[in-house]
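User: I have a two-chain model open and would like to talk it through with you. Could we go question by question?

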Amino acid sequence: MTTHANDPEKNKLMNDDYLWDRSGTPDPEIQRLEALLADLRHADQPLILPADAPAASTRPRGLLLRMPWLPRLAAAAVVLFALSASIYFALRPTSTPDAGPGWDVTNLEGAPQIGTKTISTTQAAAKLHVGQTLTTNSTSRASLSDNDLGEIKIDPNSRVRLLQTDNNHKRIQLDVGTIHAAIWAPPGQFVVDTPSAVAVDLGCAYTLQVAPDGSGAIRTTLGWVGFHLNGRDSFIPAGAMCSTRPKFGPGIPYFEDAGEIFRNALHDFDLSGQSADSASPALNTILSEARPRDGLTLWHLLSRTTGPARAQVYARFAALVPPPPAVTRDGILALDPPMLDLYWNALNLGDISVWRFWEQSSEPHQSPASRQTPQKKQLLLKKAP
Amino acid sequence: MAALIELHSSRSGFPAVNSPTEFTASDDALVRAAQRGDRPAFGLLYARYARMIHGILLSRVPYSDVDDLVQDVFLRALPRLSSLREVSKFPGWLAAIARNRATDFHRRAKPHDEFDEHSVNTEAEQPSPSTRLTSHSTAEAHAVLDAICSLPDSYRETLILRLVEGMTGPEIAARTGLTHGSVRVNLHRGMQQLREILGRKAAPLAGGEL
């Protein structure tokens, strides 16, 4: 279709075609708005259903539905009242929002809130129960603690929701703000959902931030953390950090003591497209500036590149960190999962078997070899014990 | 105990677990399965309709509350599914739950809304969805969102589904139950008004010579 620059009506129609179904001549203004507003889009967060949530079920129509309208309404009202009353009295002791398992909440400063209730500084032990949200404003801070978990400090302007807590699974959702977690629960038990990645504690202390646009960053101070979303895994050991963006998931982690040129190039690479198949200026800079310690970054780059770029990454990685005996160039270029795991362990940053165990036992996950394939939505069902 | 069931869309190459439900099943088939208590089917419906619900809510409530409310809408829909007799009306039925939830949100928020005094938006009756957003990097996005939300209901909802959620016109029609014609008109007129608003906002910034 040709552009009719002098015919406004035709241009308008073509632009409407693009607005309608993205066919026709793209309208630059609409394209700009699409790109600008994409960050506010739904972030494919999982739907969390309490296991005891009533499931829908169809039942054959009974006597009530065969009756005329007025008697039917009256009968329905009586039945409803009786039912409501019996349910209320039967469940009242345990069905209030404040019942069930929960974590201790301490007011550290200001007026943090659980739902709409403010936690006072003199309050002995407030509890955050499953399904409840803890919010801090610009002048308040709070801490969450649990004997089997550890302690999580919540900075101002944060919003945290408790999704799950039982013997083996503890899960919160950080919508926005900053948390500082010191976790002593066994690796893999504590998970934080954010709009752009899921953080899995692998035995550590860390700070996790989520911006209002859903992007985030994690900085590990002890142990290591697994960060994943949409088939991307990033492992962040102590001293390293990693950012994450909605729709893209975790970026490539790096040690914070890496040089500025290295970090800037990595930032550019992360932003420019994460499956580069040919050498880019940013990738060349990353490789030339990398130290042996930056093997952390290069290991992740293996699965974020393809073709000649991956071979280039491997060459530099192998020069800085010699591969273990069982690891071959061909295997790594094919993203052979066991070989990638062996190579990761050669970095001495954490035993990857802990992560693999978590994958298998707690959450369905994708193998590194299939990270480059296009994403396709599928349903996963997980039921906690 | 707080055992949870987690339903979500996820990565490729991974089999659906414990689910006989086909990923390619029609919406009607999924609704019928979900009515029989098939949670994976309900999860698939969530995957298909979460964007629409997100968009509907985003056109009515503050951005920071939208994700919670999306979950809430589906949690409300699940036990009520059995009351839906015509499964083909699921999209409109679900959209109605979302709109009611947004109305309910404002009704409940009113007595506690201590931020009203800071709101200077006198043009829109409802608080701006991005009132609480502060990130400089997305300031322009929020300004555009505010502009969209100042449009009439039908325009803003359709435009948000198109420009924010990335749905095409035919998808919006299929998901919301509106006709193609209505969606196309809403998009056209909404976009026209949005351009005017953005043009007016941009004019004073263009140097003040105008």
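**Loops, helices and confidence**

User: A:Asn348 lies in the loop between helix H10 (337-346) and helix H11 (352-362) of chain A. Is A:Asn348 buried or exposed?

Analyst: Happy to help: this is a predicted model, in which local features need pLDDT of at least 70 and side-chain atom pairs count only at pLDDT 80 or more, while totals for chains, interfaces and linings use all residues. Residues are numbered from 1 along each chain as its sequence is written, and chains are lettered from A and ligands numbered from 1 in the order in which they are written. A residue is buried if 20 or more other C-beta atoms (placed from the backbone) lie within 10 Å of its own, exposed if 12 or fewer, and partly exposed in between. With 10 other C-beta atoms within 10 Å, A:Asn348 is therefore exposed.

User: What is the phi of A:Asn348?

Analyst: A:Asn348 is not a glycine. Its phi is nonetheless positive, at about 55 degrees.

User: How does A:Asn157 count in terms of burial?

Analyst: A:Asn157 sits in the loop between strand S8 (150-154) and strand S9 (159-165) of chain A; helices (H or I, at least four residues) and strands (E, at least two) are DSSP runs, numbered from the N terminus. This non-glycine residue has a positive phi of about 55 degrees. Its C-beta neighbours inside 10 Å number 18, so A:Asn157 counts as partly exposed.

User: How many strands does chain A have?

Analyst: Chain A has 385 residues, of which 40% are buried. Alongside eleven helices, the number of strands in chain A is 20.

User: How is H7(A) oriented relative to H8(A)?

Analyst: Two packed helices are described by the angle between their axes and the distance between the axes. Here axes are lines fitted to C-alpha atoms, for helices over the stretch in contact, and angles run from 0 to 180 degrees between N-to-C directions. Helix H7 (residues 295-304) and helix H8 (residues 307-320) of chain A pack at about 150 degrees, with axes 9 Å apart. Under 35 degrees counts as roughly parallel, over 145 as roughly antiparallel, 65 to 115 as roughly perpendicular and the rest as oblique, so H7(A) and H8(A) are roughly antiparallel.

User: What is the handedness of the crossing of H7(A) and H8(A)?

Analyst: Contacts here include A:Leu298 and A:Trp299 of H7(A), and A:Tyr314 and A:Phe317 of H8(A); two residues are in contact if their C-beta atoms, placed from the backbone, lie within 7 Å. A crossing is left-handed if the near helix is turned anticlockwise from the far one by less than a right angle, and right-handed if clockwise. The crossing of H7(A) and H8(A) is left-handed.

User: Now chain B: how many helices does it have?

Analyst: From the N terminus on, its elements run β-α-α-α-α-α-α-α-α. Beside its one strand, the number of helices in chain B is eight.

User: Is H2(B) parallel or oblique to H6(B)?

Analyst: Helix H2 (residues 39-58) of chain B and H6(B) pack at about 135 degrees, their axes 8 Å apart. B:Met52, B:Gly55, B:Ile56 and B:Leu58 of H2(B) meet B:Glu157, B:Ile160 and B:Leu161 of H6(B). The angle is therefore one that makes H2(B), relative to H6(B), oblique.

User: What is the handedness of the crossing of H2(B) and H3(B)?

Analyst: The axes of H2(B) and helix H3 (residues 63-80) of chain B come within 9 Å and cross at roughly 135 degrees. Residues in the contact include B:Phe42 and B:Tyr46 of H2(B), with B:Val70 and B:Phe74 among those of H3(B). The crossing of H2(B) and H3(B) is right-handed.

User: Within what arc do the buried residues of H7(B) fall?

Analyst: In helix H7 (residues 169-176) of chain B, the buried residues are B:Gly169, B:Ile172, B:Arg175 and B:Thr176. They line one face of the helix, because seen down the axis of H7(B) (taking directions from the helix axis to the C-beta atoms) they fall within an arc of 130 degrees.

User: Where in chain B is confidence highest?

Analyst: pLDDT is the predictor's confidence in each residue, from 0 to 100, and chain B averages 73. Confidence is lowest in strand S1 (residues 4-9) of chain B, at a mean of 40. Over residues 1-22 of chain B the pLDDT is below 50, though beyond near neighbours in sequence this stretch has 85 contacts in the model. At 89, the highest confidence in chain B belongs to helix H6 (residues 153-163).
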